[in-house]
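Trainee: Could we go through this model together? I would like to begin with the cysteines and then turn to the helices.

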Amino acid sequence: MAVKLYGFWRSLATYRVRTALALKGIQAEQVSINLLEGKQHSPEYQALNPQSVVPALVVDGGPPLFQSMAILEYLEETHPNPALLPRDPLGRARVRGLAQIVVSDGHPLVVPRIRAYLEKEMHQDEPARNKWLAHWTAKALEALEAHLAKEKETGRFCHGNAPTLADICLASQVFGAKFFSVATAGMPTVMRVFGECMKIDAFDSSQPLKQADAPKTPTH
């Protein structure tokens with residue numbers, strides 16, 4: 001199987017797909033689309049993904065897959081081992097719900113196109129933009145903490161004692177918190193689970209700063 005992943009080192013959505021590929025043992029050629037230089041708006045990439053966002057995944061030269069959660073679900077369906085969703089319907093719904101706190105509510109508010117709109121259309125200066133980024137990143141993590149700290153299904157990981165899609169999403173959001181200088185001291189369960197995730201090579205080797213296109217001195 002030939003797999004090509006179009007992404008960017010600091011893209012949290014790309015991190016999610018990189019991690020899932022690694023957990024599933026799938027080798028992928030990585031193609032860097034530099035979001036900070038606007039490469040996502042090139043005609044070549046727009047032909048692949050009209051929304052001009054990353055990631056996009058091409059399998060065996062087929063039609064591009066897009067949106068990180070759809071890609072994760074595809075990988076789960078086509079490569080079911082190791083499983084990243086519980087077997088029972090309630091457990092699967094819980095894992096998906098935890099994941100959606102990140103991918104539907106938290107992360108979309110801090111992506112480059114939102115930051116560019118705040119700057120160019122809303123005329124927000126950098127301190128104001130950074131305050132926005134930190135606020136919405138923290139809100140998603142606080143919601144995760146509230147669930148994980150009180151629900152009996154939480155184990156070593158978000159759901160039980162093996163990583164799921166929820167852990168992949170949680171880890172991506174914690175990396176976002178690191179980018180935007182969000183304090184995480186009040187989120188002990190989130191950070192405990194994150195620590196467990198980072199003991200696994202698939203999570204660790206996929207992290208943003210360990211990618212070939214990552215700069216030595218990254219900035220926002």
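Mentor: The answers below take the cysteines, then two helix pairs. This is a predicted model, in which local features need pLDDT of at least 70, side-chain atom pairs count only at pLDDT 80 or more, and totals for chains, interfaces and linings use all residues. Residues are numbered from 1 along each chain as its sequence is written, and side-chain values use heavy atoms, with hydrogens and water left out.

Trainee: How many disulfides are there?

Mentor: The count is 0, where a disulfide is a pair of cysteine sulfur atoms within 2.5 Å.

Trainee: Why is Cys 158 not in a bond?

Mentor: Because the closest cysteine sulfur, that of Cys 197, lies 6.5 Å from the sulfur of Cys 158, which is too far for a bond.

Trainee: And what about Cys 169?

Mentor: For Cys 169 the closest cysteine sulfur belongs to Cys 158, at 8.9 Å, again too far for a bond.

Trainee: Is Cys 169 buried or exposed?

Mentor: Cys 169 is buried, with a relative accessible area of 0%. Buried means under 20% relative accessible area, exposed over 50%, and partly exposed in between (1.4 Å probe, protein chains only). Cys 158 is buried as well, at 0%.

Trainee: Changing topic, at what angle do H6 and H7 pack?

Mentor: Helix H6 (residues 126–150) and helix H7 (residues 165–179) pack at about 140°, and their axes are 10 Å apart. Helices (H or I, at least four residues) are DSSP runs, numbered from the N terminus. Axes are lines fitted to C-alpha atoms, for helices over the stretch in contact, and angles run from 0 to 180 degrees between N-to-C directions. H6 is therefore oblique to H7; angles under 35 degrees count as roughly parallel, over 145 as roughly antiparallel, 65 to 115 as roughly perpendicular and the rest as oblique.

Trainee: Which residues meet there?

Mentor: Among them are Trp 136 and Leu 144 in H6, and Leu 170 and Val 174 in H7. Contact means heavy atoms within 4.5 Å.

Trainee: Now Glu 73, please. Where is Glu 73 found?

Mentor: Glu 73 is in helix H3 (residues 68–78) and is buried, with a relative accessible area of 18%. Leaving aside neighbours within four places in sequence, Glu 73 is in contact with Leu 85, Arg 96 and Leu 165.

Trainee: How do H3 and H4 cross?

Mentor: The axes of H3 and helix H4 (residues 89–106) come within 11 Å and cross at roughly 150°, so the two helices are roughly antiparallel to each other. Glu 73 takes part here too: with Ser 68 and Met 69 in H3, Glu 73 meets Arg 96, Ala 99, Gln 100 and Val 103 in H4.
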